[in-house]
Amino acid sequence: MNGFNNVYKNKTVLVTGHTGFKGSWLSIWLHELGAKVIGYSLDPYTDRDNFVLSKVGEKIVDIRGDIRDKAKLEEVFAKYNPELVFHLAAQPLVRLSYENPVETYETNVMGTINVLEAIRKTKATKAGIMVTTDKCYDNKEQLWGYRESDPMGGYDPYSSSKGAAEIAINSWRLSFMNPKDYKKHGKSIASVRAGNVIGGGDWAKDRIIPDCIKALEANKPIEIRSPKSVRPWEHVLEPLSGYLMLGEKMYNNPVDYAEAWNFGPELNSIIPVWDVSQSVLNYYGRGELKDVSDPNAVHEAKLLALDISKARFKLGWIPTLNIEETIELTVDWYKDYNDIDVYDLCKKQIMDFSVKGGYS
Ligand SMILES: NC(=O)c1ccc[n+]([C@@H]2O[C@H](COP(=O)([O-])OP(=O)(O)OC[C@H]3O[C@@H](n4cnc5c(N)ncnc54)[C@H](O)[C@@H]3O)[C@@H](O)[C@H]2O)c1
């Protein structure tokens, strides 16, 4: 597969979080682009995660390790000398962060710092794309999308841990890998913030698409906890196309792109949870929704949008799919995963997306 001016062909690329939802798709895409992919993560969560079903672990170097284990992480960097690093490993769930706040911080903040340190110490590493989230912003429940220059914040431990990770990334960039001193250190560090990512092979707890599919497969009504919450929905291949495009630019021009970037959807994909769930039913062909809103539920932001003007104008990146195409492509995976080879299914979705988005 071609794309991104073939910058990934024959490059050693390290992906943390490769056993997870987004990381498994990124590993497949990078493998298809000709990269030598080194994955570093904990074990997958379930037997039907995209990582397990696609068997992508058999095509890449699949290393199981904890990003809190600084020594092991640095050993892996020293052994494989990755030229580019995509850091996705995290504890990524808001509700779980209320149960395990300290672990969430250890992984999301100290784990990220360990990855930054490993990048800093590895001469071969030229670019680090550090994945945080739209929830890193100080959420004012405003109608307008957040811009890259807005202040960091976060109410719950997950969001604030990612806000803290962003502050650490910026500090490491300014202190140790400053673009103005590029000639001395030879590195480019960026952070990337996506919206609510959906797509095949995600079975995480308390995420709307896995909740819908689990209920549909069990012939139960889909219980909707926050029907009115509005989120910026996007297919997993959208932010990944942004990360890959940014990685290409950083590799070829390390000084101009070492910054923070939003990769969210267009405005008309910023819709309530209820509407997304209804659309899932339409594409699945059956099922019913049940409103189980709980006034005593833990705090979660109600309104969240991202401003993507910077990616549009400075990178030339725009979303490829509208909200209906996004949900259809997602549901297609869950309708097909039992019947066809999952690696081929992902590859076909990536190829179709690449053609439509102009990435091939
Ligand atoms: N899914 C979304 O909607 C979304 C939106 C914005 C940002 N993000 C961010 O994207 C990244 C990937 O998210 P995802 O949805 O694929 O999550 P996921 O839970 O499916 O995957 C997380 C990955 O991180 C690994 N991991 C967790 N703790 C680790 C540790 N201590 N050491 C090593 N590996 C560890 C897991 O093994 C897994 O491979 C995360 O950084 C997340 O915060 C996700």
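Seven strands, in the order β3-β2-β1-β4-β5-β6-β10, form an open sheet with parallel pairing. The model you are looking at is predicted, and this briefing walks you through its sheet, the helices that lie on it, some helix pairs and its aromatic rings.

**The sheet**

- The edges of the sheet are β3 (61-64) and β10 (260-263); each has a single partner strand, so one side of each is left without a neighbour in the sheet.
- Neighbouring strands in this sheet are turned against each other by 20° on average, if you ignore direction.
- Look at strand β5 (residues 127-131) and strand β6 (residues 188-194): they run parallel and are joined by 5 bridges.
- To find one of these links by eye, start at Ile 129, whose bridge partner in β6 is Ala 190.

**Helices on the sheet**

- Helix α5 (residues 101-121) lies across four strands, namely β1 (12-16), β4 (84-87), β5 and β6.
- The direction of α5 is at about 175° to β5.
- Helix α9 also packs on the sheet, where it touches β4, β5, β6 and β10.
- Compared with the direction of β6, that of α9 makes an angle of about 165°.

**Helix α1 meets helix α9**

- Besides touching the sheet, α9 (residues 237-252) has a helix partner: its axis and that of α1 (residues 21-32) come within 10 Å and cross at roughly 55°.
- The two helices, α1 and α9, are therefore oblique to each other, and α1 passes α9 in a right-handed crossing.
- On the α1 side, the contact is made by Lys 22, Trp 25, Leu 26, Trp 29 and Leu 30.
- On the α9 side, you will find Leu 237, Leu 240, Ser 241, Tyr 243 and Leu 244.
- Sorted by class, this contact of α1 with α9 has 8 nonpolar, 1 polar and 1 charged residues.

**Helix α12 and its two partners**

- Helix α12 (residues 323-336) packs with helix α13 (residues 342-357) at an angle of about 165°, and their axes are 10 Å apart.
- How do α12 and α13 run relative to each other? They are roughly antiparallel, because an angle over 145 degrees counts as such.
- The crossing of α12 and α13 is right-handed.
- From α12, the contact takes in Glu 325, Leu 329, Asp 332, Trp 333 and Asp 336, while α13 supplies Val 342, Leu 345, Cys 346, Gln 349 and Lys 356.
- These residues of the α12 and α13 contact divide into 5 nonpolar, 1 polar and 4 charged.
- Helix α10 (residues 273-284) packs with α12 too, at an angle of about 55° and with the axes 9 Å apart.
- That makes α10 and α12 oblique to each other, with α10 passing α12 in a right-handed crossing.
- The residues in contact are Val 276, Ser 279, Val 280, Tyr 283 and Tyr 284 of α10, together with Glu 324, Ile 327, Glu 328, Val 331 and Lys 335 of α12.
- By class, the contact of α10 with α12 has 6 nonpolar, 1 polar and 3 charged residues.

**Aromatic pairs**

- How many aromatic pairs does the structure hold? There are 17 aromatic pairs.
- One of them joins Phe 4 and Tyr 359: the ring centres are 5.4 Å apart and the planes are at 20°, so the pair is stacked.
- Phe 4 sits in the segment before β1 and Tyr 359 in the segment after α13, so this pair ties together parts that are 355 residues apart in sequence.

Technical notes:
Residues numbered from 1 in each chain as written. Predicted model: local features only at pLDDT ≥ 70, side-chain atom pairs only at ≥ 80, totals over all residues. Heavy atoms only, no water. Axes fitted to C-alpha atoms, helices over the stretch in contact; angles between N-to-C directions. Parallel < 35°, antiparallel > 145°, perpendicular 65-115°, else oblique. Left-handed = near helix turned anticlockwise from the far one by under 90°. Contact = heavy atoms within 4.5 Å. Nonpolar A, V, L, I, M, F, W, Y, C, P; charged D, E, K, R; others polar. Pairing = 2+ DSSP bridges. Phe/Tyr/Trp six-rings, centres within 6.5 Å; stacked < 30°, edge-to-face > 60°.
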